[in-house]
Amino acid sequence: MEKYGIACYNQMHRRRRMIRDWNFWLSIVTIVLTVVTVITAIIAVLQTKKQIELSNKQHLFDLRIENYLVAKCLVEQYRNQKHLWEKEERNKVLFESNSIFFFLTNNNFLEEIQGITAEKAFGNPLQKNFLKKMESIKEISTKIELIFSGENAHCLAKFVYSYQDLLHSLYQYKIILEKLQEHSDQFHVTLEDAQRKIPEQEYRDRLWKVIDDLEALYVDIDSNDVMIKLEDQIRLTTMNK
């Protein structure tokens with residue numbers, strides 16, 4: 001009987017040891033699984049962060065390319081057309097304003113407003129498109145300062161804004177010229193006499209001021225290789241991917 005009791009005790013002791021061992025290994029497995037889960041979660045977070053960074057850099061690259069190309073188009077358009085007014089006499093009516101406006105808008109970006117005329121300006125179906133395009137150029141100017149850095153970005157942004165200002169001033173001047181001609185025809189007076197009634201010179205002076213400001217900005221862009229330096233910023237965006 002005593003031997004039977006000892007045997008039972010030993011058997012129970014072995015079972016308890018087995019249970020303790022099983023609990024121990026179960027705890028180890030649980031810890032390992034927890035660690036693996038944490039590591040997997042960390043890796044997933046890092047991968048997500050990396051993907052977000054790559055996505056942001058791609059978005060920045062796309063924005064820089066898009067707005068740089070528009071600005072480059074305007075700079076080149078100005079360079080190619082500025083001869084149109086360089087020989088004009090500033091103390092005379094700028095009859096070439098229509099031609100200047102036409103050639104300054106002679107590109108894919110501005111072609112939709114190229115045909116706008118001063119005749120019946122406020123009833124012109126292109127008036128709304130013109131105003132929208134002016135706002136679009138202003139937005140591009142703002143974006144350039146936000147997505148590029150440094151004085152070069154500031155200079156180009158000012159040029160783009162001033163280009164819009166020139167187009168707007170030309171359009172206003174075209175309207176004044178139309179009124180000047182109407183007054184001359186209606187009252188059978190010379191344009192010189194009509195100028196006493198229509199403030200053409202006021203608009204002409206403003207137009208020349210805008211042209212001078214734009215020319216100064218263009219000289220800065222050209223002499224300081226602004227476009228090349230901004231291209232370098234675009235390249236750095238791709239290198240950092």
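**Why we call it that: helices, core and loops**

Tutor: Let's start with a helix pair: the axes of helix α3 (residues 97-104) and helix α5 (residues 151-187) come within 9 Å of each other and cross at roughly 145°. Keep in mind that this is a predicted model.

Student: Why do you give both an angle and a distance?

Tutor: Because two packed helices are described by the angle between their axes and the distance between the axes. There's a handedness to add here as well: α3 passes α5 in a left-handed crossing.

Student: Which residues in α3 and α5 meet?

Tutor: From α3 it's Ser97, Asn98, Ile100, Phe101 and Leu104. On the α5 side they meet Tyr163, Leu166, Leu167, Leu170, Tyr171, Tyr173, Lys174 and Leu177. Sorted by class, the contact of α3 with α5 has ten nonpolar, two polar and one charged residues.

Student: OK, on to α5 itself. Why is Gln164 called buried?

Tutor: Gln164 sits in helix α5. The cut-off for buried is under 20% relative accessible area. Gln164 has 4%, therefore it counts as buried.

Student: What is Gln164 in contact with, leaving aside its neighbours within four places in sequence?

Tutor: Met134, Ile137 and Lys138. Two of the residues just named, Met134 and Ile137, are buried residues of α4. Gln164 also has its C-alpha atom 10.0 Å from that of Val210, although the two are 46 residues apart along the chain.

Student: How do you know that the length of α4 agrees with what a helix should span?

Tutor: Do the sum: α4 has 22 residues, and at 1.5 Å a residue they should span 32 Å. The end C-alpha atoms of α4 are 31 Å apart, so the two values agree.

Student: Which residues touch the most other members of the largest nonpolar core?

Tutor: Leu156, Phe159 and Tyr163, out of 55 residues in that core. The elements giving two or more residues to this core are α1 (2-81), α3, α4 (126-147), α5, α6 (191-194), α7 (200-223) and α8 (226-239). The most comes from α5, with 16 residues.

Student: What does Phe159 touch, leaving aside its neighbours within four places in sequence?

Tutor: Phe159 is in contact with Leu74, Val75, Tyr78, Leu214, Leu217, Tyr218 and Ile221.

Student: Now the loops. What makes His188 count as exposed?

Tutor: Exposed takes over 50% relative accessible area. His188 has 73%, so exposed is the right word. You'll find His188 in the loop between α5 and α6. Its backbone is worth a look too: the phi of His188 is near 55°, a positive value in a residue other than glycine.

Student: And why is Asp225 called partly exposed?

Tutor: Partly exposed lies between the 20% and 50% limits. Asp225, with 41%, falls in that range and therefore gets the label. Asp225 is in the loop between α7 and α8, and has a positive phi of about 50° although it is not a glycine.

Student: Zooming out, how many helices and strands does the protein chain have?

Tutor: Eight helices and zero strands. Of its 241 residues, 33% count as buried.

Student: What share of the contacts with a separation of 6 or more comes from residues 24 or more positions apart?

Tutor: They account for 71% in the protein chain.

Definitions and conventions: Residues are numbered from 1 along each chain as its sequence is written. This is a predicted model: local features need pLDDT of at least 70, side-chain atom pairs count only at pLDDT 80 or more; totals for chains, interfaces and linings use all residues. Side-chain values use heavy atoms; hydrogens and water are left out. Axes are lines fitted to C-alpha atoms, for helices over the stretch in contact, and angles run from 0 to 180 degrees between N-to-C directions. Helices (H or I, at least four residues) and strands (E, at least two) are DSSP runs, numbered from the N terminus. A crossing is left-handed if the near helix is turned anticlockwise from the far one by less than a right angle, and right-handed if clockwise. Contact means heavy atoms within 4.5 Å. Ala, Val, Leu, Ile, Met, Phe, Trp, Tyr, Cys and Pro count as nonpolar, Asp, Glu, Lys and Arg as charged, and the others, Gly among them, as polar. A nonpolar core is a set of buried Ala, Val, Leu, Ile, Met, Phe, Trp, Tyr and Cys residues joined through side-chain atoms within 4.5 Å. Buried means under 20% relative accessible area, exposed over 50%, partly exposed in between (1.4 Å probe, protein chains only). The expected span of a helix is 1.5 Å times one less than its number of residues.
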